[in-house]
Amino acid sequence: MIQTDFSLPVQYTRQIADQVSRMGAALPPSFQRYLGEPGKDVVEKIPFAVFQDLVRTSMQLTAEPAMGLLVGERLLVHSHGLLGYAALSSASLRQLIELFERYLQVRTNLLVTRHQIVGQDIRFH
């Protein structure tokens, strides 16, 4: 059975909208209702299916097949909310991995991570 109730924070939608605007395309009304209020760390989440539709729309508007890469390179620590700031202040890579593993679900339920230390290797599941 495929889970379909995944969600993502609305902040990522703002990043896509900003990239579309920078490329000179007009944002359709479908974007506007998912942008939230600028300057606020909105905790609202959008369904993954809506996010996928917004990505497809952005690719069509800009004729840019690498839209995901362009948006991804613009993501900064604050793009990931408090989890990003907590990750930045981690004292070690191990602490960062444990933090990410424990609190990622606060940001999105799109994926779950687990790690295992085997000798000197770290394995992600």
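**Helix packing, core and hairpin in a predicted model**

Gln 19 is buried, with a relative accessible area of 9%; the cut-off for a buried residue is under 20%. The structure described here is a predicted model. Gln 19 is part of helix H1. Leaving aside residues up to four places away in sequence, Gln 19 touches Met 67, Leu 70, Val 71 and Arg 74.

Helix H1 also takes part in the largest nonpolar core, which has 16 residues. Ile 16, Val 20, Phe 31, Tyr 34, Ile 46, Phe 51 and Leu 54 are the residues with the most contacts inside this core. At least two core residues come from each of helix H1 (11–22), helix H3 (48–62) and helix H4 (67–72). H1 gives the most, with four residues. For Ile 16, the contacts beyond four places in sequence are with Phe 31, Phe 51, Val 55, Ser 58 and Val 71.

Two packed helices are described by the angle between their axes and the distance between the axes. The axes of H1 and H3 come within 10 Å and cross at roughly 5°. Angles under 35 degrees count as roughly parallel, and H1 and H3 are therefore roughly parallel to each other. On the H1 side, the contact is made by Tyr 12, Thr 13, Ile 16 and Val 20. On the H3 side, Phe 51, Leu 54, Val 55, Ser 58, Leu 61 and Thr 62 take part. Sorted by class, the contact of H1 with H3 has seven nonpolar and three polar residues, and no charged residues.

A second helix pair is formed by H5 (residues 81–88) and H6 (residues 93–107), whose axes come within 10 Å and cross at roughly 175°. Angles over 145 degrees count as roughly antiparallel, and H5 and H6 are therefore roughly antiparallel to each other. In this pair, Gly 81, Leu 83, Ala 86 and Ala 87 of H5 meet Leu 96, Leu 99, Tyr 103, Leu 104 and Arg 107 of H6. By class, the contact of H5 with H6 has seven nonpolar residues, one polar residue and one charged residue.

The model also contains paired strands. Strand S3 (residues 115–118) and strand S4 (residues 121–124) run antiparallel and are joined by four bridges. Val 118 stands opposite Asp 121 in S4. S3 and S4 form a hairpin, with two residues between them. In the turn, Gly 119 has a positive phi of about 65°.

Conventions:
Residues numbered from 1 in each chain as written. Predicted model: local features only at pLDDT ≥ 70, side-chain atom pairs only at ≥ 80, totals over all residues. Heavy atoms only, no water. Core = buried A, V, L, I, M, F, W, Y, C linked by side-chain atoms within 4.5 Å. Buried < 20%, exposed > 50% of the residue type's maximum accessible area, 1.4 Å probe, protein only. Contact = heavy atoms within 4.5 Å. Axes fitted to C-alpha atoms, helices over the stretch in contact; angles between N-to-C directions. Parallel < 35°, antiparallel > 145°, perpendicular 65-115°, else oblique. Nonpolar A, V, L, I, M, F, W, Y, C, P; charged D, E, K, R; others polar. Pairing = 2+ DSSP bridges.
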